[in-house]
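Subject: Handover of a structure and notes on it

Dear colleague,

I am passing the structure below on to you. My notes on it follow.

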Amino acid sequence: MNIKVRAGMMMFAIVAVFALISVRLFYVQVIQHGEYSRRARRFYTVVEQNVTPSRGRILDRNGIVLAENRHTYSVGINPGRAGVCGDLVSALSASLGKPRAEIRSLLSSGAGFRWLSRHAEPGDVEGLYSFRDSGIVLARENHRIYPQAPLASDIIGIVGTDNQGLGGIEHSFETYLRGIPQKRTMIRDARGRTVYLDVDETSPSRDDAEVYLTLDAGLQYIAEREIKEGLKRVRARGAMVIIQEPSSGKILAMASYPNYDNSFGVPENSDLLKIKPVTNIFEPGSTFKIFTAAGALQESLVEIEEQFDCEGGTYTVGGFPIRDFEPHDFLSFREVMLYSSNIGMAKTAERMGENILYKYARNFGFGNFTGIRLPGEPRGILRKPDRWSGTSLSRISFGQEIGVTAVQLACAISAVANGGILREPQIVEKVSVSGNVRRYESLAVRRVVSEETARKINDMLVDTVRYGSGVSASVKGYPVAGKTGTAQKFDPETFHYAKDKYVALFGGYFPADNPRLTIVVIFEEPEGPFRWGSYVAAPVFSNIARAAISYLDIAPTLPSELASR
Amino acid sequence: MGKRRTKKYSHNIDIPLLTVVAALVVFGLVMVYSSSAVIAGERYHNAYFFAFRQVIWIMAGSVAMIAGIKIDYRKWAALSRPGFFVSIVLLAVVLFTPMGRSVGGAQRWLRLGPLGFQPSEMAKVVMVMYMASTLHRKYIKRREFNKKLLPPLLLLALAVFLVYRQPDFGTAMFMIIVTAGVFFIGGVKVSHIVTAVMALAPFLVIMLFARPYRRERIMTFLNPSMDIYGSGFQLFHSITALGSGGITGLGLGSGLHKLFYIPEVHTDFVFAVIGQELGFVGTFAVAVLFAVFAWRGMKIAVTQEEYLGRVIAAGLTFLIVAQAALNMAVVTGLFPTKGLPLPFLSFGGSSLFFNMFAAGVILNISASCRRD
């Protein structure tokens, strides 16, 4: 065999081997590419989804922060992985405020993982950032804080241990506030360390939501303060105040007692999480006469100056006596309202009949959801006429046998203030998420009565405050329209009205000629000798109105009173 | 004077072969940087740590290659006997004296200041030239085994044994294969080669199963998915890296398997990184370059009139190309894992230096070929 043959054989062998390798390469790299690609991705990508986003903030209409977040860090260490290194010793010593010797002995111990510090301030752990790959663990913790607490705690709500909204706005706007967790695809190396991040563009994170409420922190403060002041004068089991802008339906303040402090964590009594002005049902008492009267006037069933026989204070309907607080023989319709005559209002209702009274009650928004964007709203209690008893018509006319919420009552009074148009209540002004702003508008639900009827009612309500039962609600320099109410509490256990349990109310608005604010004041189960709305609730209305006038700088509208302001 | 000599050689040396070597070396530097930057940054806080050393070794290797080109190969052949003695001494020094440095459980490096030196790399190249000149002097005239051949074969056995004891079973085996290749191309009767290999066979089997990890590697080779975190780790990940590269790869520098998934990826597994970053296009190009290397080397060999030139040219070509083929076969899972670098491409100074020298010698031989 000569060299050429042998070299040729060798060359053939070499080429054959390279051909075999190339075929193998083609098979692995081209034919099996998909499978190996998936396998490779499995190896060095981790999708991390549990990066909890910061909850969105809650602010009042003027941008005052009502809920935000504070971040703290827990510092942990894996001494075996960290090793003893001068820089790390200094950084740990500085951030934990422990002597270097102690740190050094910990690092050299070679012990397993342990936490060194909980809830450290961000500024304190700054120096440890660069050691995160060498045995130092920094775990961020979100804390919800309520800078204005306990202001409006029930409305703002609170979050649970998993940062989920448990009440109020925190609950009803959970989808915005919780945000979307950042889904990060990370490339990691064989030692399990993250090499770089790949933010998954198909699911952008979101943690910058801002919910602006229609609440005005200043008015809210006034409302809460005046509830407390009122309770000093008359003790009560509970109290509620709503301040609403009638022209827009916006709720500017919504206060209640008792309340909890959301900065102290979730209250043991979960009933406190309820927003009572939204969830609690009570009988509106005489305040409901506003709506009976409006219906009757709208249907031209009564005249303002028409005389009503008030039967000397006692009138029996269906075997049950109706009594007036102040007995009268004859009163004009205007005076029926002014002196809050139950008998006069019952006779008005007799003219209206069940269906018309029911229609106006419904049209003013009772017995139905107002649509406020807060959790737990009931419809209230308003039975259909076919289920009314013989006494229902007269009793409903002055606010018994009907259950309303404070929000329903405020909206209905605002409808009168607003010239007869009922609007939805509004609690959220706008939600801003990553630069996108969603504005909420309060819808006009319907025209309930004509402007003329509304004006007639308005005049009657002004007289009621000026000369009648609501006189303690008056405010110097401003015409106030309003109506008192005192309802006996219905005891669901005995199925009778409780003898000594009342609800004292005042609902009204001002200035009557150009209404700026509707205010509803409700005291539940007031104690003491005087439990009427005129004594318990009306002065609180007046105090809130005066404070609001100065806070909002509302100009007086009664010319003759200008000088005395 | 110097000008004329340069002219003479540069006109006659095989330009395609020189081009292939230059292309492999430059490409190797790029891939060494790409595959080692992360590891170097992590370990030495200097991403260029390995790339910089590779540059130094390329410069040293170029000097060796130029020396190989300029100095007549017959003089190198004459130096191969003392050279082989030196190699054996160095192998012994590495193994038995504190100057030897242990890396990853194997005693392969000789400490020379900051640089490491692998005597086994020197031994491989010198061995080819030594065997070629031995055949030239003692065998080829009569074409039969005689006593004169015994001392060189014993020396070879000693060298193989020392390498085996490092332990570097792969290189030891490879030295036997290369020697067989040199004998084959040198015209030794096939029956003599077969006899020699048969005589070695029992020892090979004993060596093969002397260490449990070798048996394991064989078993892993037969069933790669058996143990992806144990001995199949490198193989599993090298194939995953290759496969994920696809046709055109993830892009130079974008490979991810170099992130510590394959230990020492810039040395023996640089081919896997090429496969991931440049895809089938890249790996096939490397295979083609080595095939061209083989073609030019063999062509140079067969066009030699002198026996010595023929055998050295073919032997060195076989040494380099066989090592490349073996490395690629290991990385693609066609052959059990062996620690053999990919010539010119892998990081590693000794390998680069002696392979470039060997290429220089082949090019020197090419300058004295027949003109047909």
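Chain A exposes about 25000 Å², and carbon and sulfur atoms supply 50% of that area. Chain B exposes about 15300 Å², with 69% of it supplied by carbon and sulfur atoms. Please bear in mind that this is a predicted model.

The two chains may be summarised as follows. Chain A contains 19 helices and 21 strands. Of its 565 residues, 54% count as buried. Among the contacts in chain A between residues at least 6 apart in sequence, 71% join residues at least 24 apart. Chain B has 13 helices and three strands. It consists of 372 residues, of which 56% count as buried. For contacts in chain B with a separation of 6 or more, residues 24 or more positions apart account for 74%.

On the surface of chain B there is a nonpolar patch of about 570 Å², made by B:Tyr33, B:Tyr48, B:Phe52, B:Val55, B:Ile56 and B:Met59. Helix α3 of chain B, residues 49-70, gives the most to this patch, with four residues. B:Phe52 has its place in that helix.

In chain A, I looked at helix α10 in some detail. It comprises 17 residues (217-233), which at 1.5 Å a residue should span 24 Å; the C-alpha atoms at its ends are 25 Å apart, so expectation and model agree. At the N-terminal end, A:Asp216 acts as a cap: one of its side-chain oxygens lies 2.8 Å from the backbone nitrogen of A:Gly218. The buried residues of α10(A) include A:Leu219, A:Ile222, A:Ile227 and A:Leu231, and also A:Gln220, A:Glu224 and A:Glu226. What do the buried residues of α10(A) pack against? Their partners in chain A are α7 (153-156), β9 (236-245), β10 (250-257), β21 (517-526) and α19 (538-552).

Two further buried positions of chain A deserve a note. A:Val407 is found in helix α16, residues 406-417. Its relative accessibility is 0%, and A:Val407 therefore counts as buried. Beyond residues up to four places away in sequence, A:Val407 touches A:Ile242, A:Met254, A:Pro277, A:Val278, A:Thr370, A:Ile372 and A:Pro425. One of these partners, A:Met254, is 153 residues away along the chain, and its C-alpha atom is separated from that of A:Val407 by 9.1 Å. A:Ser95 belongs to helix α4, residues 86-96 of chain A. With a relative accessible area of 15%, A:Ser95 is buried. Leaving aside neighbours within four places in sequence, A:Ser95 is in contact with A:Asp124, A:Val125 and A:Leu128.

Turning to charged pairs, the count comes to 26 salt bridges over all chains. Three of chain A are described here.

The side chains of A:Glu68 and A:Arg57 meet in a salt bridge, at 3.8 Å from N to O. A:Glu68 lies in strand β3 (residues 65-77) and A:Arg57 in strand β2 (residues 57-59), so the pair ties together parts of chain A that are 11 residues apart in sequence. A:Glu68 is partly exposed, with a relative accessible area of 23%; A:Arg57 is partly exposed at 28%.

A second salt bridge joins the side chains of A:Glu299 and A:Lys359, with an N to O distance of 3.5 Å. This pair links distant parts of the chain, 60 residues apart: A:Glu299 is in the loop between α12 (289-298) and β11 (307-309), and A:Lys359 is in helix α14 (residues 342-363). A:Glu299 counts as partly exposed at 29% relative accessibility, and A:Lys359 is partly exposed with a relative accessible area of 39%.

The third salt bridge is formed by the side chains of A:Arg178 and A:Glu174, at 3.6 Å from N to O. Both residues lie in helix α9 (residues 174-178) of chain A; because they are four residues apart, about one helical turn separates them. Is each partner buried or exposed? A:Arg178 is partly exposed, with a relative accessible area of 42%, whereas A:Glu174 counts as buried at 12% relative accessibility. Both also take part in a network of salt bridges that links A:Arg55, A:Arg144, A:Glu170, A:Glu174 and A:Arg178.

With kind regards

Terms used
Residues are numbered from 1 along each chain as its sequence is written. Chains are lettered from A and ligands numbered from 1 in the order in which they are written. This is a predicted model: local features need pLDDT of at least 70, side-chain atom pairs count only at pLDDT 80 or more; totals for chains, interfaces and linings use all residues. Side-chain values use heavy atoms; hydrogens and water are left out. Helices (H or I, at least four residues) and strands (E, at least two) are DSSP runs, numbered from the N terminus. The expected span of a helix is 1.5 Å times one less than its number of residues. Buried means under 20% relative accessible area, exposed over 50%, partly exposed in between (1.4 Å probe, protein chains only). Contact means heavy atoms within 4.5 Å. A polar contact is a pair of N or O atoms within 3.5 Å; within protein, one must be able to donate a hydrogen and the other to accept it, and residues adjacent in sequence count only if both atoms are side-chain atoms. Accessible areas come from the Shrake-Rupley method with a 1.4 Å probe; for residues, only the protein chains shown count as cover. Patches are made of residues with over 30% relative accessible area and no salt bridge: like charges are joined within 9 Å, nonpolar side chains (Val, Leu, Ile, Met, Phe, Trp, Tyr) within 5 Å. A salt bridge is a side-chain nitrogen of Lys or Arg within 4 Å of a carboxyl oxygen of Asp or Glu.
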